[in-house]
Amino acid sequence: MTERNAIEARNVVKAFGQGDSAVRALDDVSVEIREGEFFTLLGPSGCGKTTLLRLIAGFEMPTDGVILLDGQDITYLPPNKRPVNTVFQSYALFPHLTVAQNISFGLEMLGKPAAEVKSRTAEMLALVKLDTMADRKTSQLSGGQQQRVALARALAPQPKVLLLDEPLSALDLKLRQAMQIELKRLQMETGITFVFVTHDQEEALTMSDRIGVMSQGKLQQVGTAKEIYTRPKNRFVASFIGETNFLEARAEGGKVRLASGDVVEFETPVTGDMTLTIRPEQLRLVPAGEAGAIPAVISNLVYFGTDTHVHLELADRTEIMARVQSPATGDAGFERGNRIGVRFAPGALQALGE
Ligand code: ATP
């Protein structure tokens, strides 16, 4: 990855329709995607991520704002003039052509010499590990294999940027996980900038160098998986990525007091009401009555194999959840209705913006 920007969107607005029925699919989005980066746009259905991808591809024009590629304004450049390729959820392969023909088709359309088409197609077949299936019709391939052909076909012309619109969503879980690793490998080996769209947080966390979290046409936060998970900027990001607990609190006279009345160790320059958040794995469960621990009652236990989720109720009935590792043998000694103490790992509590 370099410090240069492959793609830059500046104050991009995209509205569909007019008047009262207008939808602002993108509402002043600015983002910089670096050269050689695996960048993921993550968000729930309808948040605008596909629209942003389509603007980068040139399939749509923005209502306002500009899109730059390598520093050049490409806002109104037609799709076929952009060094950008897209892989769609539906692979859109030619069923009557072979794997090799599907890959070489785009190169031939670009007028590449026959020798180059041949060598490049062979290179792509090896890259996606389909060299032994070059002469098969794509209709005779599994979903995962078809997805590899679609990737090879899109990578063959060596685009500067590859756009991927939920390309793994048609695959079953195991295959999807295998393809996630494969995609990351392809991106690293080719050095091409990938812009990947998904609503699946696990997919985003496992593959991306950086993630842009979107909601309601706005980019809520951009950062590495770790930054977004450990330092979510607002309530939406905190709850969309992983599981978390929210605690209403009030800062006054140098102390932060939860709605339950318990004082917690949390330094803040502000006073007044605030929402704190803490991930379930940052809670420590200790015997009831231990000094400094917050009293709670176990309201439910849910076993998840490696982990057990311990649901707790604080004095004011606020519900929170602790994730503890399940013991190898026996049970963890927790029972519904038990009184227990809760401690927060140092530095794990965070205040959220709106
Ligand atoms: P999904 O994951 O469901 O594809 P998304 O985050 O990709 O969702 P977009 O497809 O970008 O969302 O859509 C954003 C908003 O813009 C939605 O409210 C959608 O209904 C609206 N929208 C998208 N395309 C059009 C269009 N051609 N005409 C009118 N509204 C549109």
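## Close-up views of a predicted two-domain model

**View 1. R4, E35, D70 and K160 are linked in a network of salt bridges.** We start here in a model that is predicted, not experimental. Within the network, the side chains of D70 and K160 meet with N and O 3.1 Å apart. These partners come from distant parts of the chain, 90 residues from each other. D70 sits in the loop between β4 (64-69) and β5 (72-73), while K160 belongs to the loop between α4 and β7. How accessible is D70? Its relative accessibility is 23%, so D70 counts as partly exposed. K160 is partly exposed as well, with a relative accessible area of 44%. For context, the whole structure holds 24 salt bridges.

**View 2. E123 and R120 form a salt bridge within helix α3.** Here the N to O distance is 2.9 Å. Why do these two residues lie about one helical turn apart? They are separated by about one helical turn because they are three residues apart in α3. Their surroundings are worth a look too: E123 is partly exposed, at 47% relative accessibility, whereas R120 is buried, with a relative accessible area of 8%.

**View 3. D200 and R176 pair up between a loop and a helix.** The closest N and O atoms of this salt bridge are 3.8 Å apart. D200 lies in the loop between β8 and α6 (201-207), and R176 lies in helix α5. The two residues are 24 places apart in the chain. Is R176 buried or exposed? With 18% relative accessibility, R176 counts as buried.

**View 4. The largest nonpolar core brings together 35 residues.** Look for I103, L151, L155, L162, L164, L183 and F194, the residues with the most contacts inside this core. At least two core residues come from each of α2 (99-109), α3 (114-127), α4 (143-155), β7 (161-165), α5 (173-190) and β8 (193-198). Which element gives the largest share? That is α4, with six residues.

**View 5. L155 touches partners from several places in the sequence.** Setting aside neighbours within four places in sequence, L155 contacts R120, M124, L127, L162, L186, I192 and F194. R120 may look familiar, as its side chain also meets that of E123 in a salt bridge. Apart from the core shown in the previous view lies another one, of 27 residues, including A251, V264, L312 and V342.

**View 6. Domain 1 (5-238) meets domain 2 (244-351).** The C-alpha centres of the two domains lie 40 Å apart. At their interface, seven residues of domain 1 are in contact with 10 residues of domain 2. About 710 Å² is buried between the domains, and carbon and sulfur atoms give 36% of that area. Which three residues supply the most of the area that domain 1 buries against domain 2? Y229, R235 and A238 do, with 71%.

**View 7. E248 and R235 meet in a salt bridge at the domain interface.** Their side chains come to 3.7 Å, N to O. One salt bridge is found across the interface of domain 1 and domain 2. Alongside that, four residue pairs are in polar contact between the domains. On the domain 1 side, α7 (225-230) and α8 (235-240) each supply at least two residues that touch domain 2. Of the elements on that side, α7 gives the most, with three residues.

Terms used. Residues are numbered from 1 along each chain as its sequence is written. This is a predicted model: local features need pLDDT of at least 70, side-chain atom pairs count only at pLDDT 80 or more; totals for chains, interfaces and linings use all residues. Side-chain values use heavy atoms; hydrogens and water are left out. A nonpolar core is a set of buried Ala, Val, Leu, Ile, Met, Phe, Trp, Tyr and Cys residues joined through side-chain atoms within 4.5 Å. Buried means under 20% relative accessible area, exposed over 50%, partly exposed in between (1.4 Å probe, protein chains only). Helices (H or I, at least four residues) and strands (E, at least two) are DSSP runs, numbered from the N terminus. Contact means heavy atoms within 4.5 Å. Domain bounds come from an automatic or database domain assignment. Buried area is the accessible area (1.4 Å probe) that two parts lose on being put together, summed over both. A salt bridge is a side-chain nitrogen of Lys or Arg within 4 Å of a carboxyl oxygen of Asp or Glu. A polar contact is a pair of N or O atoms within 3.5 Å; within protein, one must be able to donate a hydrogen and the other to accept it, and residues adjacent in sequence count only if both atoms are side-chain atoms.
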